Amino acid sequence: MAARSVVDTPGTGPVIEVRDLRMRYGDKEVLTGVDFTATAGEVVVLLGPNGAGKTTTIEILEGFRRRSGGDALVLGVDPADGDEPWRARLGVVLQSWRDHSKWRVRELLQHLGSYYANYSTPGKPRPWAVDELLEVVGLTGAEKTAIGRLSGGQRRRLDVAIGIVGRPDLLFLDEPTVGFDPEARRDFHDLIHRLTDVDSTTVLLTTHDLDEAEKLADRILILARGRIVASGSADELSRQVAGESEIRWTRDGQRFVHSAADATGFVRELFRQHGEAVGDLEVRRASLEETYMRLVREAEGAA
Amino acid sequence: MRRGLIRAGLQRGLIELRQTVTNVTDIIGYLFPVALLLGWLRLIEGDELPGSSVSLGAYSLVSSLALLLVIGGVTSMAQYLTMDREDGTLLRAKATPNGMVGYLIGKIVLVAGVMLITCAVTLLPGALMVEGLRFDGGTWLTLLWLLPLSMLALMPVGAILGSFFQSVRGAAILMLPVLALTGISGIFSPLSALPGWLQGVAQGFPMYWLGSGLRSAFLPGEPEQALATAGVLALWALAGLAVAPRILRRMARRESGSLVAARRERAMTRTM
């Protein structure tokens, strides 16, 4: 895996490197200095309220939008000057597509895939074979359907298929699972794991679904008010927030619930006082949701 | 590698051409003007063009073909571009390596195909209805250079105009200048009926020369102005090919997901 990423990534630097990224529309500052890096095979999830700048960040890195300031390197190239060979190593899944509605599923995948054939490498034959791709995203049986007739979930699967048809080294996904039922969502998570494990694809995705972020992310970046206010795994984030943990237990057939900042100290004291009488002990750290809400509220209050 | 890209563009154009000739709405769109034209030809059957031996029917048929070709080349190119921008097809091309080049080759193939289909569905039934059309070696020879040159002159104009419209609805007003040009280009009546300065204006545009070229190909006794025709059309083609890529690049550079989403939002609120 490491060998392949060396072949496909000249230089072994980070896949995404962003420093002090700024974006201004008129006199409205959307990004006020975003910093982060992503390494090969990593899944980075951008979380944040609407209007925090998630889509703007992704569009700048995709090379679709020019930044107002700061530095950005994507696969070692400034996305503002990305050329076609660079483009061939990226996969893009936007929030909403409704293009090519008259085309048939197989026709479009085959056609768009053909643009990647020139960029095939020994370690990564491009494009992805259409039959296999259809199976991977769960569209087998729909290959002859006109795209305009696909259901919302099928259309989203097709968007993901188009995003990965060139077997990208870096995949951008903007809210990929909107419209998925729970089973489709789980299939999608399996697919992301497969991409990162087998192909060592780096993934940058945005989502509103905290559960999804927790399942997929190697690292979560919380974007609020145009900058990253916290970064780390779900676990690390909840440690960063000095939140209170919830402690539940039973004693003499009665249930108790208590919140404490220092859960360990509280439990030690609990056992010292009641010892054997304590049962069904449960300590729960703040959930990602609580952590997220607190971080965002703090960031928005501070500004 | 260039070959692969050209093949992808051709494939794209042929697929979209197949889609349009199997789509009922599109077929009606092609046949409706032809039906109108045939009805008109039926009405004027037997009339002669004043001061000429050419039948009015033959004159009208060939001139109308020029109009339909201009609509096919300029208006449909502009509308395809606007439509593809609105639904994200163009952004998809931008997200694909060399996708914009493939997209443009595809559009050129598609519009050229549409123009050839227009020729066929107009001329085949029309030729059966009107008297006095000429079909000889000279006809085909003229078509052989006139049609490709007209396509080169018309399509870049359509692409440039299409870049400026943000919505399909906006692009529809393109029909107005086309119709105005029709009025002064000798399409429905010989140009000599117009004041001199208007004739001069008309002669600056491709429609006049396409009409004149087609008439010289199909109507016996029409003046041959091959050199002037080729010259003006070539000027338009060169100017268009010089400007269009720059305009298209600028338009493509601005495309992004949020722009497509915003446009869609606007289109939705309009239909509500």
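**Close-up 1. A:Arg24 faces A:Glu29 across two paired strands of chain A.** In this predicted model, A:Arg24 stands opposite A:Glu29, a residue of β2(A). Further along, A:Glu17 has A:Thr37 of β2(A) standing opposite. The two strands involved are β1 (residues 16–25) and β2 of chain A, and they pair in the antiparallel sense over 8 bridges. Together β1(A) and β2(A) make a hairpin, with 2 residues between the strands. Take a look at the turn, where A:Gly26 has a positive phi of about 65 degrees.

**Close-up 2. A:Asp20 has a backbone angle worth a second look.** Here we stay in strand β1 of chain A, where A:Asp20 is found. Although A:Asp20 is not a glycine, its phi is positive, at about 55 degrees.

**Close-up 3. Three strands of chain A form an open sheet.** The order of this 3-stranded sheet is β2-β1-β4 in chain A, and the pairing is antiparallel. Which strands sit at the edges? They are β2 (28–38) and β4 (69–74) of chain A, each of which pairs on one side only. On average, neighbouring strands of this sheet are turned by 25 degrees against each other, direction ignored.

**Close-up 4. An open sheet of 6 strands, also in chain A, has mixed pairing.** Reading across it, you will meet the strands of chain A in the order β5-β6-β7-β3-β8-β9. At the edges are β5 (90–93) and β9 (227–232) of chain A, each pairing on one side only. Neighbouring strands here are turned against each other by 15 degrees on average, direction ignored.

**Close-up 5. Strands β3 and β8 of chain A run parallel.** In this view of the 6-stranded sheet, β3 (residues 43–47) and β8 (residues 219–224) of chain A are joined by 4 bridges. One residue to pick out is A:Leu47, whose bridge partner in β8(A) is A:Ile222.

**Close-up 6. A cis peptide bond leads into A:Pro127.** The bond in question runs from A:Arg126 to A:Pro127, and its omega is near -5 degrees. Where along chain A should you look for A:Pro127? A:Pro127 is in the loop between α4 (105–114) and α5 (130–137) of chain A.

**Close-up 7. Arginines from chains A and B form a positive surface patch.** Chain A contributes A:Arg66, while chain B brings B:Arg246, B:Arg249, B:Arg250, B:Arg253 and B:Arg254. To find your way around, start from B:Arg253, which lies in helix α11 (residues 226–254) of chain B.

Terms used:
Residues are numbered from 1 along each chain as its sequence is written. Chains are lettered from A and ligands numbered from 1 in the order in which they are written. This is a predicted model: local features need pLDDT of at least 70, side-chain atom pairs count only at pLDDT 80 or more; totals for chains, interfaces and linings use all residues. Side-chain values use heavy atoms; hydrogens and water are left out. Patches are made of residues with over 30% relative accessible area and no salt bridge: like charges are joined within 9 Å, nonpolar side chains (Val, Leu, Ile, Met, Phe, Trp, Tyr) within 5 Å. Accessible areas come from the Shrake-Rupley method with a 1.4 Å probe; for residues, only the protein chains shown count as cover. A salt bridge is a side-chain nitrogen of Lys or Arg within 4 Å of a carboxyl oxygen of Asp or Glu. Lys and Arg count as positive and Asp and Glu as negative; His and the chain ends are not counted. The place of a charge is taken as NZ of Lys, CZ of Arg, CG of Asp or CD of Glu. Two strands pair if DSSP finds at least two bridges between them. Axes are lines fitted to C-alpha atoms, for helices over the stretch in contact, and angles run from 0 to 180 degrees between N-to-C directions.
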